[in-house]
Amino acid sequence: MSHPSGDQPQHNLSRRALFTGAGTAAFAAALGLPIPFARFLPEGVIPVALAQDGLSGKEGLTILGDRPLNAETPVHLLDENVTSAAHMFVRNNGLTPSLTDEDIANWTLSIDGEVERPLTLSLDDLRGDFQQVALQLQIECGGNGRKFITPAARGNQWSFGAVSCAEWTGVRLSDVLSRAGLKRSAVYTGHYSADLHLSGDPEKHAISRGVPIAKAMEPHTIIAHAMNGDDIPLLNGHPLRLIAPGWPGSCSQKWLTRIAVLDHEHDGEKMTGQSYRIPKTPVAPGTEVADADMKIIESMPVKSIITAPQTGHRVQAGDVFEVHGHAWAGDNDVAAMDVSIDFGATWARADLTRPVNRYAWQHWRADLTLPQHGYYEVWARATDNDGRMQPATQPGWNPRGYLNNLMHRIAVFAL
Ligand SMILES: Nc1nc2c(c(=O)[nH]1)N[C@H]1C(S)=C(S)[C@@H](COP(=O)(O)O)O[C@H]1N2
Ligand SMILES: [Mo]
């Protein structure tokens, strides 16, 4: 399998050059243009024109970082009921693998560890030997909303756009694990993939997370080989990825090559320490929390977005206009959706659809009228089937800024 340090085009050359100090000359060569202000280009910053190059097949995403590549979807581009390939966010912890046709043709997934019969499955085995399922599944990054956490948390400053809900086709992980035969000692999975650690060291993993066996055996946890009836986009895990919906996106390993079944909680890259963990008991904002006092994030919290209109929308006072969007709630369902035009003083119930299948996001809409000329905000608030509701400001602070499900707001001007 060839990796980005090898045979990819221009921008990888320049990335390598960046770390050997030859930086800006290589950028200029890759761009085919001189860079008059190259001396002011901060170290580690790659020209957007080159970074964009790594985002092929994507449209309109906001790049948060290019090493690793992270790009979020502006909320209005999430308006589609089923997220398109072009609009699906990208969250990489390492380097996107560069895969040849041969790599794809020879792709295998191995299942080993606490199983009776270790398996090595080709893509054809997965397509031919197991029941195929197609499900709309939401994936939200554990750090979505981190941008609005105070005191700030380090990491990608996602606003609302590190979430997607596409239709995924593949096989149930439970069917594959049953074929392998789980031993009684099986308690957790460990996921491995073909992307390279940022250091380029092949011994290290960019990320290797896992889930408890109960989550692995849920019928909606799948190994997907197609998305929206097509190949999975390379940046989103082609040719094979795991989807553990409703849990932090990091549980959904892209470019999946191996699932180890373990007799203990997995301790792979980004499973331990402070990664994808929150304090066992709530702490005051800014508190330093010892690793031993942190717990692994499981279900994501209830959340919603307003995908139309866009913030800054203008309407005639007294005219009816429609607002709509999506809502989801981790392992739960969204039970109610409310909107406010008076900064949360009063609320009106919105129409809310049932999910097309469990773990699909739900769609909501409401008709609103602004009473007189001026500035307004529309606030949207989802409530889950356990009665938990999105907060107006950040919920419990945590050191890495996870699980920020504060309400989404848009500005609307009445003429
Ligand atoms: N192999 C691999 N899988 C991965 C990651 C990664 O860096 N490498 N990132 C994870 C994280 S943190 C998230 S939020 C989701 C994002 O999925 P997407 O990039 O397809 O939107 O992929 C997860 N799976
Ligand atoms: Mo993530």
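Analyst: A cavity is a set of points, on a 1 Å grid over the protein atoms alone, where a 1.4 Å probe fits but cannot get out; a pocket is an open set with protein on both sides within 12 Å along at least five of seven lines, and lining residues have an atom within 4 Å of a point. The model is predicted: local features need pLDDT of at least 70 and side-chain atom pairs pLDDT 80 or more, whereas totals for chains, interfaces and linings use all residues. Residues are numbered from 1 along each chain as its sequence is written, chains are lettered from A and ligands numbered from 1 in the order written, and side-chain values use heavy atoms, without hydrogens or water.

User: Which residues line the second largest cavity nearest its centre?

Analyst: Asn 332, Asp 333, Tyr 359, Ala 360 and Gln 362 do, out of 13 lining residues. The space inside is about 50 Å³, where a volume is the space filled by probe spheres set on grid points joined across faces, edges and corners. The search of the whole structure finds two cavities of 30 Å³ or more.

User: What makes this lining six nonpolar, five polar and two charged?

Analyst: The classes are fixed by residue type: Ala, Val, Leu, Ile, Met, Phe, Trp, Tyr, Cys and Pro count as nonpolar, Asp, Glu, Lys and Arg as charged, and the others, Gly among them, as polar. Among the residues nearest the centre, Tyr 359 and Ala 360 are therefore nonpolar, Asp 333 is charged, and Asn 332 and Gln 362 are polar.

User: Why is ligand 1 said to sit in the largest cavity?

Analyst: Ligand 1 meets the rule that more than half of a molecule's atoms lie within 2 Å of the grid points, so we say that it sits there. That cavity has a volume of about 270 Å³. Its lining has 22 residues, with Arg 91, Arg 241, Gly 249, Ser 252 and Lys 254 nearest the centre.

User: What makes a residue part of the shell around ligand 1?

Analyst: One of its heavy atoms must lie within 4 Å of the ligand. Here 18 residues surround ligand 1, and the closest are Phe 89, Asn 93, Asp 195, Arg 241 and Lys 254. By class, the shell has six nonpolar, eight polar and four charged residues.

User: Why does the pair between Asn 93 and ligand 1 count as a polar contact?

Analyst: A backbone N or O atom of Asn 93 is 2.6 Å from an oxygen atom of the ligand, and a polar contact is a pair of N or O atoms within 3.5 Å, so the pair qualifies. Side-chain N or O atoms pass too: one of Arg 241 lies 2.7 Å from a ligand oxygen, and one of Asn 236 lies 2.8 Å from a ligand oxygen. Of the 530 Å² that ligand 1 exposes when taken alone, the protein buries 100%, by the Shrake-Rupley method with a 1.4 Å probe.

User: What makes the peptide bonds before Pro 151 and Pro 309 worth a look?

Analyst: Most peptide bonds are trans. Thr 150 and Pro 151, however, are joined by a cis bond with omega about -10°, and Ala 308 and Pro 309 by a cis bond with omega about 0°. Pro 309 lies in the loop between β15 (303-308) and β16 (313-315); strands are DSSP runs of E, at least two residues, numbered from the N terminus.

Terms used. Polar contact = N/O pair within 3.5 Å; in protein donor to acceptor, adjacent residues only side chain to side chain. Helix = DSSP H or I, 4+ residues; strand = E, 2+ residues; numbered from the N terminus.
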